[in-house]
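Good morning, and thank you for coming. I should like to take you through a few parts of a structure that is new to this group. Please look at the display first.

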Amino acid sequence: MRPNSNPIYSGRGLTALQRMRLWYVALLLVGSVLVVRLFYLQVIKHDYYSKAALASQLKQYQIEPERGVIEAHNGDGLLPIVLNEKRYTLYADPKYVVDAEKSAVAIASVIGGSSGDYIKAIKTPDTRYVILAKKLTKQQKDKIDAARKAENEKLASKRGAVFAWKGIGTQETSVRTYPQGDLAAQVLGFVNDEGIGKYGIEQALNDQLKGTPGQLKAITDAAGVPLAANKDNVVKEPVAGKRIVLTINIAMQQQLEEILKKGLDSAKSKSGGAFIMDPNTGAILAMANYPTFNPGEFYKVDDPSVFTNGTVSAPLEVGSTMKPLTAAAALDLGVVSKNQSYYDPSHFKVDGFEITNIEEDGGAGTRTIADILQLSLNTGATWLLMQMGGGEINKQARDRWFDYMTNHYQFGKKTGIEQGYEAAGTIPDPNEGYGLNLQYANTSFGQGMTATPLQMGAALSSVINGGTYYKPHLVDGYADSKGSLQDAKPTIVRSNVVKRDVGQDIQEFMEYTFSKNHVLYGFPNFQGNYTIGGKTGTAQIANPSGGYFEDKFNGTFMGFVGGNAPQYVIVTRVDEPGIGGYAGSRAAAPIFSDLASMLINNFNITPKGQ
Amino acid sequence: MIGRSASVGRRASVLEQGGTGRRHRPDYWLPILSILLLVVGLIVIYSISPGLAAQKNVSDNYYVNKQLIAIVLGIVGFIVMANIPYKYWRHWSKPLLVVAGIATVVAIIMPVIPQYPAHRWVRLGSFSFQSVELLKFALIVWLAKFFAERKAQGGLGNTTETIKPLLIVLVVLGIIVGKIQSDLGSIGVIVAVMTAMAFVAGVPLKRVVMVGGVVAIGAVLLVAGSSYRRDRLATFLHPEKDCQNSGYQVCQALIAVGSGGMFGLGVGNSVQAYGYLPEAQNDSIFAILAEKFGFIGVTVLIGLFAAFFARLFKIAERAPDVYSQLLVVGILAWLSTQAIINIGAMVGLLPLKGITLPFISYGGTSLLFVTGALGMIFQISRYTSFSPSNLESEGNRYESTAHRGRDGRPHYTAVSRRPGA
């Protein structure tokens, strides 16, 4: 209608109205492009983007179960000995930290530490996760949350503000705590930073304690926090680890640790161990070694050897404490009788080597089996072994003694006590090797073989309890997460270890030995009101380069105490005492005596006849 | 033609009564549509507020409350502006430009914070605003006056009179906003506003194209001169190549939009707002909306915007004079360009520019300027004629109204009445 037939190109002929409408059409076109694009993204490519969304939004987590707590007996009740506590790991995601210096200063002002270290950590290149501090307490974590909140409230309305706490986060972790301090540390072991039990109960029963992790599959926010109620969420609750009740008696353990420490000090020894067990069940009531460690600060330990429970992990040549077991074997075989006497020449030649008595009263003479123990005669033990062979050490003697050591007394194999790194000890093969007769003569008095103190205690228990070998154990019961406690029944490993009357004979011999030597053993007030007996052991320490050290000994003592019958078996060990005399009687026996007195005074021992 | 001449005739009679048009009922569709859009934005912010609050460790209703306050302030701004006769702005255009200039200088010399390295913010205590928002508004007010005057003088195509000042303004703004403040998005909006106003005012297309060429060269220089921008351009072209770093926001926006599907995940079910998509309440709010309400929902939203812009067009078409018409056109260009740039970025058609979606995005200052500008248009809508005016043929009318403005207020009839109703 206008004269200009092509107004758009010239532009001049267009009225403002036309220009506006032209522009409006262009705007509508752009709008429709957007709608078409939205249709493409939301309808045609919907599946692709839904998958992409799930790939980043759906996360699968393992929910850590709570580790089982450990309790122990205390009087008639139970007390926790290992608990869990929530602690927090402070970490940074450097990608989100705005200003490392500002963040570091803020962190240092709340939890202490050097801001320089934090800066360095936050500036770690190529990572999305740097640990800044570990094991923060709930209070420290609350302080951090408060600081973060205060900052947010102050700066939230300011665009462009620099958040010191941005990219800094806390993660909950669980750590073990020890309400009884370092009590029974080596029995307990510890849980390392990866949550794995190391040493002691924690290692041996890691599977039961750790529980079963739960699974969480959930749509989460970018930080990984599950968004509530999403149909795609899958939750499998974790199953908490089992609660474990130990056979340990806390009061007895405390006193044992005190007495052990005192005894080692007076024997001028750097290390040793002791334990008390119930011979009628195999339950360990108290067990300790020295030196020990604080499980709450296991990471501060330089020398990892303090982690080991030497009583179960460090076999040693047991020395003369073997003699009652040798005598029991001979009596049980019927090759000697209880009151039999024999002529002891004070030395035997075996495989060209002299067997002599290194302990006191080694002269030749007529001896009884009770004398063999009371005087601790190596030649007596050798004679007992000879009787097993019909008068000489031979294959029959070796086979029989080997059978007793390994099948009756369970030497050379682990007892299966709930402890990490249990050692089996070694018993020489009766038919393989050189100088077998000499080697076997040595084993009859506890040399040339090794066993742990625990194995010795368990074997003695089986002899004096009437012949039943109970598996030594530290766990009295398990409870699941719901709390119902199931008592673990004592496990019988072998019945008829020795005949019941043989056991009583050995008990008598050991009581006799103790009564003869009680002053030397540091038990001056002996009145015969209690069943108390024992046997010392002094073993030369094997030189790693062959033979034995002339001047290095381990002292051991193995005994029992009770009212009418033995109620407790005690084994003590003192490594390289720094005082003169025989290590067994001078260093290890006094610890036994103190422990026996302690048990008599405090732990339900009723004097004979009452 | 008959219709138009009739309209012109009637307009002439109105002019004889001594005014730019009779004062009558304003266009109530304008506030109604604005409120609808604001409510949509508020619903989205309300539904994602707990998630945002959790990340920032503030109370659940922090964002909703602040947005509600902003809306209330915005309504006040609307009412105030609706009651300031729009013609006053013609006298205030220069002082306003000076204030905007000062604000811009303040924003530039203010020490920046590492998190926001751009010199864009004027911070006064806990209050802060982007100086460019004021600048855009001042520019529209000034351009309306500038073009109206040039048009009255018949000098719209004149290089010295019209094109040169425009080019100078453009270059200065390009340097200040584009280069120093690194705010290419706002430059885009400013260019769109100037182009639309020039075009509607009647600047010959040849000139518009020429200026466009200068802008294009400037843009290329700006992009080529900054590694940051080169990266952003590369990201825009292939966001999926670097979804973990520079392409992160685009990738997350596309995931939000795409996973919404036809009907959306539902108002309470956005996942991307929970820390995945940066600026979920702000620049990226459209993607969250698309995730929640799906294709149907965003089509309705775009329809709402289209209706809103159509309303502005109608007001512009029927504007009582060139000056007010250009004001409406400028504001329309400003808001529509922001919406297009924002949505375009969220669907991967345009590079991310940090431009808010009018009415919907969280944030007080941009909302205040938007509602204020709408108040001005609302006021203009009181004086529109009831059929499209053709101001083209009344080039000299500006003179008469201008002189009337100086004389005093027009004589309004006491009762608003629709003529012919």
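I begin in chain A, where strand 8 (residues 214-219) is joined to strand 9 by 3 bridges, the two strands running antiparallel. Within this pairing, Gln215(A) stands opposite Lys236(A) of strand 9. I should say at once that this is a predicted model.

These strands belong to an open, antiparallel sheet of 3 strands in chain A, ordered 1-8-9. At its edges are strand 1 (58-63) and strand 9 (234-236), each of which pairs on one side only. On average, neighbouring strands are turned by 20° against each other, direction ignored.

Remaining in chain A, how far apart are the end C-alpha atoms of helix 18? The helix covers residues 500-517, and its 18 residues at 1.5 Å each should span 26 Å; the end C-alpha atoms are 26 Å apart, so the two values agree. Its buried residues include Val502(A), Ile506(A), Phe509(A) and Phe514(A), and also Asp505(A) and Glu511(A).

I turn now to the nonpolar cores. The largest has 131 residues, of which Met197(B), Leu326(B), Val328(B) and Ile377(B) touch the most other members. A second, separate core of 123 residues includes Ile70(A), Phe411(A), Leu454(A) and Leu460(A).

Finally, consider Ile315(B), in helix 11 (residues 285-317) of chain B. Is this residue buried or exposed? Ile315(B) is buried, because 26 other C-beta atoms lie within 10 Å. Beyond its sequence neighbours within four places, its contacts include Asp27(B), Val328(B) and Ile377(B). Thr384(B) lies 69 residues away along the chain, yet its C-alpha atom is separated from that of Ile315(B) by 6.7 Å.

Methods: Residues numbered from 1 in each chain as written. Chains lettered and ligands numbered in written order. Predicted model: local features only at pLDDT ≥ 70, side-chain atom pairs only at ≥ 80, totals over all residues. Helix = DSSP H or I, 4+ residues; strand = E, 2+ residues; numbered from the N terminus. Expected span 1.5 Å × (residues − 1). Buried ≥ 20, exposed ≤ 12 C-beta atoms within 10 Å, placed from the backbone. Contact = placed C-beta atoms within 7 Å. Core = buried A, V, L, I, M, F, W, Y, C linked by C-beta atoms within 7 Å. Pairing = 2+ DSSP bridges. Axes fitted to C-alpha atoms, helices over the stretch in contact; angles between N-to-C directions.
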